[in-house]
Each structure stands twice: as structure tokens, then as C-alpha cells.
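I opened a fresh page for this one. My plan was to look up the empty space first, then the annotated residues, then the sheet.

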Amino acid sequence: MDSCSNLNPLREDEEAPASVFAARPLRPPSTSWSEKYSPVEWTNYFDKEDDISISGSNDVFHVYMAGTEGPVVFCLHGGGYSGLSFSLVASKIKEKARVVAMDLRGHGKSVSENELELSLQTMSNDVLAVIKELYGDSPPAIVLVGHSMGGSVAVQVAANITLPSLAGLVVVDVVEGTAIASLIHMQKILSNRMQHFPSIQKAIEYSVRGGSLRNIDSARVSIPGTLIYDDSKQCYVYRTRLEETEQYWKGWYDGLSEKFLSSPVPKLLLLAGTDRLDRTLTIGQMQGKFQMIVVKHTGHAIQEDVPEEFANLVLNFISRNRIGPHGVEIPGMWKPSQPKT
């Protein structure tokens, strides 16, 4: 575990260590470095934020919202991310649809009685509770968009058929077979990453230079939402204690492919690589049960790395399936318009 005590530069009144092998004082960051990795406010992308109190509990879930018309694109982030992961996407989608990006339990600015209870059923119940608090018994048409862990939550909500206004499902870079196979490496990945940051700028720089995010503009707005300041260590640490939720990891992905295929709404699977389809999904795709698009030149967080392309894919999915604010606008099979003569 690295700590922050040796990450800060020496004060002017301190003497440098005598030994050449001791830690050298860090040079003060240049203005250009500071500006390059400086945090950016969510208000540049979303229109408003809100805290949604859940009736009958002490849980309060934070949401970011954008747009005024069209169906609701309800975004669920991956493990360790926050609703701000969809910031740049929201600024594009809000021109034609509404966007709600939720901080899931134990993430971002959401507060719940049990922050580590990240079971699939609990998180999907949280999503349904937030939608009910937002829209009552008459929710608008909703397109669920879920990235990674959030994709599993979205599929769970869809498969349970407990959201009558659900009009579409978009799952981002998560496939059952690959996800389960990678779980044995997860603790090592989590423990090997940098744990403490002397500043938010350092965390943003680490996310980009370390390769977890490839788009610095997205990192500048999304990374601050994944951190909290630890007074005892005098530095920033990760908000979500993912390493303490291992008991739920397998449950996120068990049966994911079958549940995805059984969801009775139009479905889109966005992948960052072609090698990620398991047998069940391969057969399902051959049978035309869902649309799949491989997005090139992107990492795992497709919505952050290529937000404009991601937004266009979601809007095209909505348009292709004729999803309006109250559901499918035209009954029957959609036919492409004829070219003008």
C-alpha cells in the first residue's frame, strides 16, 4: 500500500535529505500540467443533479440529469465508476432524449445503509426504487444503458419484467463468459493499482496514463466522482471499496447471457473487442435476437473513450426501434424510409 506522506513536495522551510538514495523533493507541477489534468465540473455536460430519497429507508441515491424531451436513457455505470462516467455522452444525447445517470449503491454521492451490499438483486431494486421516486406509477419510456457491472444490473431489471415502460436495453462491454473468467484476476488488479493520490489531478493523470481511460476530457469530469478525501491519510482514495465486495462478483455475471437474450425488449450489445462473445450469445446473435456492434479504438469504458460515437449508437438504436417518450411510436415492424427521388 502506498501512502501520501511521501508524495508531496518538500516545503520551502524543509531541508532536502542528505542521502542521494533518499526521496528527492518533487518539482512543483507546471501550470500546463495542472491545467491539463485539472478537474472539470459536471455542469458542463448535465443540466442538473438531484438526491433521490427512497421511501421506507435511509438510502439516498444521487442522479445527474439532462434533456427535456424524448424517452429516458437511464445510465448505470460500472464497478468503481460513477454516474459522471456518462457526462460527455449526456451532452450529446440530451439533444434528442432525456438522460438520467445514477450513482449506484456505494458509489459517487449516493448514501445507503449498507454501502458494501452490492448484490445484483439489491442494486436492481435500487434502480427500480429510484425510477419509482422519479416518475411515480407512470414512468416514461426508458432505455436502460449499463456498462460492465451496470450492464448486469440493467439486464437484471429487464429480465425481471418489473418495469413496464422499459423500451430498450443497451449493454456495454460485458459478456458472461469473459467476465467470469477474469474474476480470478480481479483482486490482484485492484491491489496493484495506485491507491492514494496527493491531488485529484494526479488521479486523473494516473487514469489516463495508466490506460484505464483513453479520453482525458472524460477523465477530468468522471474521475473526481470516484474519489473521496481521507483526512487520516491526507490524500484522495477510491470512494468504492470494491475489494470488499468479492462475495457478489460471480453473482453479477452468472446467467447473464441467458437473461440478456430473454429480455423482451430491443437489445444492443456494444463491445470493445470481437473475442468476447460466449457460445450462448454467439447463437443468439446468429438467430438475430439482438444487435451487436464492435466499437474500435476504445478501451473497456466505451462511453468515456469515444463519447460522440457512443451517443450516436444509442440514438440510432432509439431511432431504429422507433422509441418515443411513451414507448414504440409506430406499431409493427419498422421499415427503412425510401430514398427521395
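**Entry 1: cavities.** I began with enclosed space and counted 2 cavities of 30 Å³ or more. I am working from a predicted model, and I keep that in mind throughout. The largest cavity holds about 40 Å³ of space. I listed its lining as Val155, Val171, Val174, Val175, Glu176, Leu256, Ser257, Phe260, Leu269 and Leu281. By class, that lining splits into 8 nonpolar residues, 1 polar and 1 charged. I then asked which helix gives the largest share of the lining of the largest cavity. Helix H10, residues 256–262, does, with 3 residues.

**Entry 2: the second cavity.** I read a volume of about 30 Å³ for the second largest cavity. Its lining consists of Gly80, Arg193, Thr226, Tyr238, Arg239, Thr240 and Leu242. Here I noted 2 nonpolar, 3 polar and 2 charged residues.

**Entry 3: the largest pocket.** Next I turned to open space. The largest pocket contains about 1200 Å³. I found 40 residues in its lining. Gly79, Tyr81, Met186, Ile189 and His300 are the ones that lie nearest the centre of the pocket. I sorted the lining by class and got 20 nonpolar, 16 polar and 4 charged residues. Which helices each supply at least two residues of this lining? I wrote down four entries: helix H5 (176–182), helix H6 (186–192), helix H7 (200–209) and helix H9 (246–253).

**Entry 4: the record.** I checked UniProt, where an unreviewed entry lists Ser148, Asp173 and His300 under "active site". They span 153 residues in sequence, but no two of their C-alpha atoms are more than 8.3 Å apart, so the set gathers at one spot. I looked for Ser148, Asp173 and His300 in the lining of the largest pocket and found each of them there. His300 is also one of the residues nearest the centre of that pocket. I placed Ser148 in the loop between E5 and helix H4 (149–159).

**Entry 5: the sheet.** I traced an open sheet of 8 strands with mixed pairing. I recorded the order as E1-E2-E4-E3-E5-E6-E9-E10. Why do E1 and E10 each have one side without a neighbour in the sheet? Strand E1 (48–53) and strand E10 (291–294) stand at the edges with a single partner strand each, so one side of each stays unpaired in the sheet. On average, neighbouring strands of this sheet are turned by 20 degrees against each other, direction ignored.

**Entry 6: one edge, one helix.** I followed E1 to its partner. E1 and strand E2 (residues 60–66) run antiparallel, joined by 6 bridges. Glu49 stands opposite Tyr64 in E2. I then looked at helix H13 (residues 307–320), which packs on the sheet. I listed the strands H13 touches: E3 (72–76), E5 (142–147), E6 (166–172), E9 (267–271) and E10. Against the direction of E9, that of H13 makes about 160 degrees.

Conventions: Residues numbered from 1 in each chain as written. Predicted model: local features only at pLDDT ≥ 70, side-chain atom pairs only at ≥ 80, totals over all residues. Heavy atoms only, no water. Pairing = 2+ DSSP bridges. Axes fitted to C-alpha atoms, helices over the stretch in contact; angles between N-to-C directions. Contact = heavy atoms within 4.5 Å. 1 Å grid on protein atoms, 1.4 Å probe; cavity = no way out; pocket = protein on both sides within 12 Å on 5 of 7 lines; lining within 4 Å. Points joined across faces, edges and corners; volume = space filled by probe spheres on them. Nonpolar A, V, L, I, M, F, W, Y, C, P; charged D, E, K, R; others polar. UniProt positions renumbered as here; feature names shortened; annotations may be inferred.
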